[in-house]
Amino acid sequence: MTAAFLYDGVRTPFGRYGGGLSGVRSDDLAAHVLRTLAERADFDPAAVDEVVLGAANQAGEDNRNLARMALLLAGWPTTVPATTVNRLCGSGMDAVVQAARLIETGDGELAVAGGAESMSRAPWVMAKPAKGFPAGHETLYSTTLGWRLVNPAMPAQWTVSLGESTEILAARYGIGREAQDEFAARSHQLAAKAWDNGFYDDHVISVPASDLARDESLRPDTDVAKLARLKTSFRADGTVTAGNASPLNDGASALLIGSEQAADRLGRAPLARIAGRGAAGVDPDVFGIGPVRAAENALRRAGIGWRDIGVVELNEAFAAQALACLADWPELDPGIVNVNGGAIALGHPLGASGGRVLLQLAREMRRSGSRWGLAALCIGVGQGLAVVLEATS
């Protein structure tokens, strides 16, 4: 088997729910990052062996194989195959994992992977009535986030909201409101600093028909005092608020994945080698702890340990969820986690986030001179996914 490498990548700014990207379809967002990546990396789209994109919703404009729709809209040749994967919040990272396996098994030399999500444009859906002309009322369900049309055979304890699940974790790990607000404020402050220092300038691309230049959920003036004034969202006596949770967002990402031999075709050296992968399942009502074992699996398969890691990107679905994971990784220095901000500040458009954290990880490894890095996400319905990268220079 050969090795798979990350050569380049781009993402859009992440727009707020109902904000700067809400007028842009998810297939157009995905087409834009595909088109821009090909122009930027100067490769012929006809040479791409597979496009793999993640999307968590797929209930509206993102239906009918988002990846295939995107490459057609981007003007890529119809000969390029494409597939769309759904592992909810981990969809974009799963897309990269599948692209890497394609390269490693020799089924291709060049692939594009990432994902897109428009949570603003996610539709309301209605179950098909049992008969053609129902006499009573029918219910519409929002597909923006979380459970809908739940199978009655599913245990009720597993179908609690993501926020309630996070309250369960916060109580189990003894993570109070102040710690969560401090973590959230850090995310905003580090993200604002990274934007001001130009960290994002080389891979975050503008979207036509939008004047959005930066991640729209970012609040540079956020501090613990302001966050402390917010009401809790899921329990009257709880700790989780809109301020210490990731927001609802729109955006897209695309990464160029290839073999070692692809460097000659691309005329560039890769950013990093995809060195290890791990997935894990946990009880759905504590979904946020999923990254713990997934990361340990990825480290083992890469043949390294926590002490080797120089940078970590842990997707911040909720502050309490991220802090719970850190509590179970006592060997990890929290100071190397999300040093350029995380999803609480940058946003979490579900299908696009996996590409964002991997690209951000590779860029920070290059900037800091770190040899090893790890990216991980928690996933609704109780899963975690992680990838280890090794710097190539």
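This passage walks through a predicted model of one protein chain, from its overall form to a handful of individual residues.

The overall fold is a good place to start. The protein chain contains 11 helices and 12 strands. Its C-alpha trace extends over about 60 × 55 × 40 Å along the principal axes. For 393 residues, a compact globule would be expected to have a radius of gyration near 21 Å, and the 20 Å found for the protein chain agrees with this. Buried residues account for 58% of the 393 residues. Long-range pairing is also a feature of the chain: of the contacts between residues at least 6 apart in sequence, 80% link residues at least 24 apart.

Turning to the surface, the accessible area of the protein chain is about 15600 Å², and carbon and sulfur atoms supply 50% of that area. As for charge, there are 36 positive and 44 negative side chains, and the centres of these two sets are 2 Å apart.

Two domain annotations help to divide the chain. An unreviewed UniProt entry gives residues 8-260 as "domain: Thiolase N-terminal". This span, residues 8-260, is 30% helix and 16% strand, with its end C-alpha atoms 14 Å apart. The UniProt entry, again unreviewed, assigns "domain: Thiolase C-terminal" to residues 270-390. Residues 270-390 are 34% helix and 26% strand, and the C-alpha atoms at the ends of the span lie 11 Å apart.

Individual residues can now be placed within this picture. Thr12 sits in the loop that connects strand 1 (5-11) to strand 2 (15-16). With a relative accessible area of 0%, Thr12 counts as buried, because the cut-off for that class is under 20%. Setting aside residues up to four places away in sequence, Thr12 touches a set of residues that includes Leu21, Leu29, His32 and Val33. Val204, Ile205, Val207, Asp215, Gly251 and Ala252 are also among the residues that Thr12 touches.

Ala324 offers a buried example from a helix. Ala324 belongs to helix 9, which covers residues 319-327, and its relative accessibility is 0%, so Ala324 is classed as buried. Beyond its neighbours within four places in sequence, Ala324 is in contact with Leu169, Tyr173, Ile175 and Ile289. The C-alpha atom of Ala324 is separated by 9.5 Å from that of Thr166, although the two residues are 158 residues apart along the chain.

Gly369 is found in the loop between helix 11 (353-368) and strand 11 (372-379). A relative accessible area of 63% makes Gly369 exposed, since that class begins over 50%. Between the C-alpha atoms of Gly369 and Gly288 there are 30 Å, for a separation of 81 residues along the chain.

Finally, two loop residues have noteworthy backbone angles. Gln58 has a phi near 60°, a positive value in a residue other than glycine. Gln58 lies in the loop between strand 3 (50-54) and helix 2 (66-73), and is partly exposed, with a relative accessible area of 28%. Asn338 likewise has a positive phi, near 50°, and is a residue other than glycine. The loop that holds Asn338 runs between helix 9 and helix 10 (343-346). Asn338 is buried, with a relative accessible area of 1%.

Notes: Residues numbered from 1 in each chain as written. Predicted model: local features only at pLDDT ≥ 70, side-chain atom pairs only at ≥ 80, totals over all residues. Heavy atoms only, no water. Helix = DSSP H or I, 4+ residues; strand = E, 2+ residues; numbered from the N terminus. Rg over C-alpha atoms; globule rule 2.2 N^0.38 Å. Buried < 20%, exposed > 50% of the residue type's maximum accessible area, 1.4 Å probe, protein only. Contact = heavy atoms within 4.5 Å. Areas by Shrake-Rupley, 256 points an atom, 1.4 Å probe, with all protein chains shown as cover. Lys, Arg positive; Asp, Glu negative; His and termini not counted. Charge placed at Lys NZ, Arg CZ, Asp CG, Glu CD. UniProt positions renumbered as here; feature names shortened; annotations may be inferred.
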